[in-house]
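Let's take a walk through this model, starting from one side chain and working outward. Keep the viewer open as you read.

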Amino acid sequence: MSGRAKLILALTLLAAFVAAAVLLPIPGPADLRSWAGATGPATPLVLLVAYSLLTVAPIPRTVFNLAAGLLVGTAAGIAIGLVATTIAAGLSFGLARALGRDLVTRHLERRSVRAVNDRLADGGVLAVLSLRLIPVVPFAPLSYLCGVSSARLIPYLTGTLLGSVPGTVAVVVLGDALTGDTPPALLACYGVFAAAGAIGLVRVFKKRAPEVTEPEPEPSIPAG
């Protein structure tokens with residue numbers, strides 16, 4: 001596929017994802033219970049698949065975490081949330097890398113592009129973990145950004161999983177899916193997570209690349 005075709009496809013998918021995030025209605029607790037009653041024993045599996053696929057688009061994970069806690073309970077809800085988050089992160093990463101990596105590579109000579117690319121790549125697990133901890137950083141766009149950068153898949157997925165644990169547990173345990181309100185305890189958790197993520201990012205940005213020293217030439221031995 002040519003670079004222009006990849007760009008057109010990427011923009012089309014992005015527009016579709018944004019439209020889905022804006023236009024798709026968010027089901028209420030009554031709708032969720034009705035849906036769970038219709039799916040029966042398959043509810044955990046259906047929830048896992050829906051969570052994994054729909055959060056590839058910029059649909060907030062909080063909606064699915066609340067639904068998971070309401071429909072399948074705390075322990076199963078946390079497990080489904082973390083597995084689905086990792087799957088969605090991998091799908092978003094792969095899609096962005098396949099369609100957008102060439103475009104970013106052509107602009108790596110720009111200082112701002114190279115700076116972001118290098119921090120995500122060199123920061124590894126800590127960089128992704130720190131960004132995932134900060135609640136205001138949207139899940140899907142960050143996944144796309146990591147996909148088009150030079151970040152490696154395994155550190156990216158590891159950082160995503162570890163960084164998503166606190167928020168997922170907090171929402172499933174403390175979130176009020178029946179009213180849609182955000183309890184004060186959950187807001188306090190968000191503040192702690194954001195502070196921890198900011199500290200991690202400071203460490204990533206302070207990390208300097210090791211200086212490359214040129215090896216000293218070996219003394220030549222005169223012939224004879």
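Leu53 counts as exposed because its relative accessibility is 53%, and the cut-off for that label is over 50%. Keep in mind that this is a predicted model. Leu53 sits in helix α3, and it has nonpolar company: together with Leu45, Val49, Leu54, Val83, Ile87 and Leu91 it makes a surface patch of about 590 Å². Two helices, α3 (43-54) and α5 (74-105), each give at least two residues to that patch, with α3 supplying the largest share, four residues.

Now zoom out to the whole chain. What is the fold built from, helices or strands? You'll find nine helices and zero strands, so the string of elements from the N terminus is simply α-α-α-α-α-α-α-α-α. The chain has 224 residues, 33% of which count as buried. About 12,900 Å² is exposed, and 69% of that comes from carbon and sulfur atoms. As for who touches whom, take the contacts between residues at least 6 apart in sequence: 80% of them join residues at least 24 apart.

One more stop: helix α8. Its 22 residues (153-174) should span 32 Å at 1.5 Å a residue, and the end C-alpha atoms are 31 Å apart, which agrees. Still, α8 bends by about 35 degrees at Val165, with a proline, Pro166, following within four residues. Plenty to colour by burial here, too: the buried residues of α8 include Pro155, Tyr156, Gly159, Thr160, Gly163 and Ser164, and also Thr168, Ala170, Val171 and Val172.

How values were computed: Residues numbered from 1 in each chain as written. Predicted model: local features only at pLDDT ≥ 70, side-chain atom pairs only at ≥ 80, totals over all residues. Heavy atoms only, no water. Buried < 20%, exposed > 50% of the residue type's maximum accessible area, 1.4 Å probe, protein only. Contact = heavy atoms within 4.5 Å. Areas by Shrake-Rupley, 256 points an atom, 1.4 Å probe, with all protein chains shown as cover. Expected span 1.5 Å × (residues − 1). Bend = angle between axes of the 7 residues up to and from the residue. Patch = residues over 30% accessible without salt bridge, like charges linked within 9 Å, V, L, I, M, F, W, Y side chains within 5 Å. Salt bridge = Lys/Arg side-chain N within 4 Å of Asp/Glu carboxyl O.
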